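Dear colleague,

I am handing over a structure that may be new to you, and below it you will find what came out of going through it. Please have the sequence and the model open while you read.

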Amino acid sequence: MAGKTRFCCQECGHCTPRWLGRCPECGAWNTLVEETVAGTKQRARAAAPAPLPITQISLDKEERFSTGIGELDRVLGGGVVPASLILLGGDPGIGKSTLLLQVATSVAGAGRVVLYVTGEESVQQVRLRAFRLGVESSRLYLLAETDIDAIENSIRSLNPALVIVDSIQTMHKVDFGSAPGSVGQVRECATQLMRLAKETGVAIFLVGHVTKEGLLAGPRVLEHMVDAVLYFEGERHQSFRILRGVKNRFGSTNEIGVFEMKDDGLVEVANPSSLFMIQHPAGPVAGAVVVPTLEGTRPLLVEIQALVSPTGFGNPRRMTAGVDYNRVILIMAVLEKRVGLHLGSYDAYVNAVGGVRLVEPAVDLGIAVALASSLRDFPVNCRLAVVGEIGLTGELRPVIGIEKRVQEAAQLGFTHCLLPRANLGQVDLSRVGSMTVWGAQTLSEALEIALEQ
């Protein structure tokens, strides 16, 4: 008797008994693919495990081990937790395999056994890439296999401390009637690897591809199954990469790691702020403002650039890169209503230098100052750092971590800092040297200070 079939969305994982042109769950078009439902077999009822009182469970923490790469350890919360399942996503060619091959060699060099499972390359190709990167170790084992059952047998026989699966979209289960990379196959293989990690205590890294919309390919349920989700970001025409944690059951999700791609692989960046600031040899230019932003516990100085020019069409254009589009529109509305800057007949372009993505509201004041500076064609002091959140009534709201932000700016040679007046009392002036710190209560007051320096 032929198995039953169903249609599953390749974007969200929603399944229906018949084909539909549009997924009723996520609204995506032409994403439902036919899959065979595996038949259920009768099996003996397992004995119910005895529940334990929470007070009898040991509080001993599992010993983390370092990946040998400080930036990755920072994002993971201090290292890799045994029996954890970690998903690393990113655009093709961004450097996921390079990073994990370096991690595998570093962990193997520390005396642990590592298994690198490749479903997209042969072992000779991986060995060639390792030779180019100058990384190799006798404790690093390679396996070119896509059958998840065979991979599980190899893991159980080798008993490694770390396993890298590159990539989860190429793995398949033989008795599951779907093509590799489909929603059902990805879910089944990830579930089997998760169970294996919890049973054996081995830590497993999964490589996941990213769609053109910037989401991990496969069902969103994959992100809920794993213990940590990391995204590898960056631009192809730039040499640096940003590793960002969006989920972590064993640490913070606000940390980032910064790397630079070189001929010999990925290299950690000791001073990330230098990557996100541009030195203008001709002096300060209109529309450029430096903002001290906070990524987890790490302060970064990022330059925000704005260009405001008269529109040549009926509707002015608004474009952003690295900052939230809707947030920029809101700030422009506040500038028009509360400050009196008429931006309705001007095109506006806002960019965060270096391809970094800024999401916190503390960069609001920097965006507003950059827009006003470009509109008035009046440059801002290149040694002025600006930070603050803007409310709809034009007031400046305090931001968190102000002392770290100001100290980072002072260490990099900035002589002036503009921040909300409510944060002024939180800054220890003895730690910022000769830096002059101003506090403003409203957006109008802040613009007067910034554009007069």
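The lining of the second largest cavity is made up of six nonpolar residues, three polar residues and one charged residue. Please keep in mind throughout that this is a predicted model. The residues concerned are Arg64, Leu76, Gly79, Val80, Val81, Ser84, Ile86, Ala228, Asn248 and Phe250, and the space that they enclose comes to about 40 Å³.

This cavity is part of a short list, since the count of cavities of 30 Å³ or more comes to two. The largest cavity has a volume of about 50 Å³, and its lining is formed by Glu233, Gly234, Glu235, Gln238, Phe240, Ile242, Gly354, Gly355 and Val356. Sorted by class, three of these lining residues are nonpolar, four are polar and two are charged. Where does the largest cavity lie with respect to domain 2 (62-270) and domain 3 (275-452)? It lies between them, because both domains give residues to its lining.

Turning to the aromatic side chains, you will find that the count comes to one aromatic pair. The ring centres of Phe232 and Phe259 are 6.1 Å apart and the ring planes stand at 75°, which is over the 60 degrees needed, so the pair is classed as edge-to-face. Because Phe232 belongs to strand β9 (residues 228-233) and Phe259 to strand β11 (residues 256-262), the pair ties together parts that are 27 residues apart in sequence. As for their surroundings, both Phe232 and Phe259 are buried.

Another ring has a charged partner: Arg383 lies over the face of Phe414, at a distance of 5.7 Å from the ring centre.

Finally, a word on Leu243, which is found in strand β10 (residues 240-248). Is Leu243 buried or exposed? With a relative accessibility of 0%, Leu243 counts as buried, because the cut-off for that class is under 20%. Along the chain Leu243 and Glu255 are 12 residues apart, and in the model their C-alpha atoms are separated by 8.6 Å.

If you would like to follow the same route in the viewer, you could begin with the two cavities of 30 Å³ or more, go on to the edge-to-face pair of Phe232 and Phe259, and then look at Arg383 over the face of Phe414 and at Leu243 in strand β10.

With best wishes

Notes: Residues numbered from 1 in each chain as written. Predicted model: local features only at pLDDT ≥ 70, side-chain atom pairs only at ≥ 80, totals over all residues. Heavy atoms only, no water. 1 Å grid on protein atoms, 1.4 Å probe; cavity = no way out; pocket = protein on both sides within 12 Å on 5 of 7 lines; lining within 4 Å. Points joined across faces, edges and corners; volume = space filled by probe spheres on them. Nonpolar A, V, L, I, M, F, W, Y, C, P; charged D, E, K, R; others polar. Domains from an automatic or database assignment. Phe/Tyr/Trp six-rings, centres within 6.5 Å; stacked < 30°, edge-to-face > 60°. Helix = DSSP H or I, 4+ residues; strand = E, 2+ residues; numbered from the N terminus. Buried < 20%, exposed > 50% of the residue type's maximum accessible area, 1.4 Å probe, protein only. Lys NZ or Arg CZ within 6 Å of the ring centre and 35° of its normal.
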